[in-house]
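Got your viewer open? Let's take a short walk through this structure, one selection after another.

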Amino acid sequence: MVTDDMARDIAADVIVVGAGPAGASTAYHLAALGLDVAVLEKSEFPRDKICGDGLTPAAVHELVLMGMDTAGWTRNRGLTVHGGGHTIQMEWPDGASLPGYGMTRARMRLDHDLIRHAVAAGAHLHEGCAVTGALTDGDGRVVGVRARTGRGDQAREVTARAKIVVEAGGVSARLATSLGLEKNERRPMGVAARTYFRSPRSDEEWMVSHLELWSGEPGRSDLLPGYGWIFPMGDGTVNVGLGSVSSTARATALSYRKVFAQWTSHLPEEWGFTPANQVGPLRSAALPMSFNRKPHYIEGLVVVGDAGGMVSPFNGEGIAPALKAGRLAAAAIAQGLARTSRAGVDRALSAYPEQLRQEYGGYYSLGRIFVRLIENPQIMHLCTYYGLPHPRLMKLVNKLLSDGFERRGGDIDDRLITTLAKLVPKA
Ligand SMILES: Cc1cc2nc3c(=O)[nH]c(=O)nc-3n(C[C@H](O)[C@H](O)[C@H](O)COP(=O)(O)OP(=O)(O)OC[C@H]3O[C@@H](n4cnc5c(N)ncnc54)[C@H](O)[C@@H]3O)c2cc1C
């Protein structure tokens with residue numbers, strides 16, 4: 001039980017709720033700008049997160065901007081894609097802003113590395129500190145949070161006050177939801193599940209993706225709108241999982257265990273996917289896509305990462321957008337904190353949702369169209385059976401699906417994607 005005399009207070013320029021990639025990136029960039037930032041995280045590190053552990057070049061780009069030391073991390077060259085009887089290999093795009101390689105890093109380690117990096121830059125991390133609600137002033141402006149630390153007799157109520165609060169609490173987004181920022185049910189939502197296997201192919205330099213996930217008997221049922229992945233971890237294991245997407249938040253009732261068992265039973269034996277080699281259970285989680293929670297700034301509250309529905313509807317990637325959102329948010333917050341009036345703070349902070357819109361708005365709207373198309377099993381069939389054998393087309397598709405296109409300049413594929421993204425209303 002929590003009593004008043006047990007209460008403790010935290011005060012900072014900025015409170016960040018959640019220390020996943022979005023929270024760690026925000027905290028790192030704020031601390032690097034010399035701001036006083038406190039991160040409140042309900043778990044204790046190292047902690048796991050259900051994930052494919054895949055980092056595209058877009059994510060590597062952000063790690064570079066954070067100054068992360070990635071020496072010794074497992075790198076990969078691109079994707080091997082199987083589907084419709086075809087197998088193709090596609091190198092990661094190597095562009096002006098993208099490094100031409102991806103990585104894998106178990107989230108148990110990645111998230112710990114990221115938050116330690118933020119702490120080394122000056123952020124204060126409070127682990128085992130679960131945020132329970134917002135503190136607002138008389139005008140309804142967010143001025144801090146309430147949180148709880150410890151368990152049983154050791155439970156303490158904590159009050160954390162700041163000029164700006166950042167919601168980085170992941171898909172549950174409890175804080176943002178408590179302030180009325182409901183998720184938009186008409187945006188795409190994914191569900192994905194993963195486990196690990198010990199495998200002799202753990203050191204391979206290609207990430208593998210399988211486009212044929214069947215709802216029932218292979219060849220005699222519908223192709224699901226999604227893919228299965230095998231991501232070599234370089235430590236004797238591979239991360240194996242599958243994800244499926246739906247154009248609305250309603251229809252994500254995938255029987256993922258059945259589909260997973262069936263899919264892995266048809267994979268080549270040399271992967272070693274036997275029950276004896278499995279490390280840990282198959283676990284699933286939701287993927288909030290296409291900005292399904294907005295606005296990304298309301299008075300005093302900034303929303304980053306999964307909490308703001310920032311997962312890509314094209315491939316289910318959420319780490320790169322979470323890291324980028326943290327960087328953009330930190331820059332806007334620093335400008336806001338330099339203002340002398342509330343109106344000035346809000347004007348400076350409005351740059352953050354606007355930049356997100358420019359970076360991802362059109363792209364994620366294209367993604368919504370993509371999801372609506374592949375939801376139709378016949379179109380999924382056409383793409384898999386007739387699209388894959390065309391290398392020229394697949395070069396463009398690779399850039400589109402992995403957010404591997406240059407926003408400014410670039411080649412004809414980059415310009416085609418940016419033009420299409422400009423033609424649709426922004427998400
Ligand atoms: C099966 C699966 C596979 C995936 N594979 C990939 C992949 O290969 N590559 C990729 O880029 N993305 C992948 N994703 C998506 C990716 O995992 C997320 O997009 C990413 O983790 C988002 O980061 P985040 O910081 O916004 O949220 P999270 O990583 O969820 O972090 C949120 C943090 O907030 C903390 N928190 C929550 N509530 C509170 C509270 N009330 N108080 C304090 N702390 C709180 C949590 O403990 C957590 O540490 C996958 C997702 C799934 C489900």
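Start with the border between two domains: the area buried between domain 2 and domain 3 is about 530 Å², and carbon and sulfur atoms give 75% of that. Keep in mind that you're looking at a predicted model.

To set the scene, color by domain. The domain assignment puts 4-74, 101-185 and 290-364 together as domain 1, makes 189-288 domain 2, and gives 376-423 to domain 3.

Now show just domains 2 and 3. Their C-alpha centres sit 23 Å apart, and the contact draws on eight residues from domain 2 and six residues from domain 3.

Which three residues should you select on the domain 2 side? Pick Leu211, Glu212 and Leu223: together they supply 73% of the area that domain 2 buries against domain 3, more than any other three residues. The residues on this side that touch domain 3 split into five nonpolar, one polar and two charged.

How many salt bridges cross the interface of domain 2 and domain 3? The count is zero. For polar contacts between these two domains, there is one residue pair to look for.

Next stop: the ligand. Select the residues around it and you'll get 37. Coming nearest are Glu41, Arg47, Gly52, Gly54 and Asp306.

Zoom in on three spots here:

- Glutamate 41 has a polar side-chain atom 2.6 Å from an oxygen atom of the ligand.
- Aspartate 53 places a backbone N or O atom 3.5 Å from an oxygen atom of the ligand.
- Glycine 318 brings a backbone N or O atom to 3.0 Å from a nitrogen atom of the ligand.

Finally, turn on the protein surface around the ligand. On its own the ligand has 1,000 Å² of accessible area, and the protein covers 93% of it.

Key:
Residues numbered from 1 in each chain as written. Predicted model: local features only at pLDDT ≥ 70, side-chain atom pairs only at ≥ 80, totals over all residues. Heavy atoms only, no water. Domains from an automatic or database assignment. Contact = heavy atoms within 4.5 Å. Buried area = accessible area lost by both parts, 1.4 Å probe. Salt bridge = Lys/Arg side-chain N within 4 Å of Asp/Glu carboxyl O. Polar contact = N/O pair within 3.5 Å; in protein donor to acceptor, adjacent residues only side chain to side chain. Nonpolar A, V, L, I, M, F, W, Y, C, P; charged D, E, K, R; others polar. Near = heavy atom within 4 Å. Areas by Shrake-Rupley, 256 points an atom, 1.4 Å probe, with all protein chains shown as cover.
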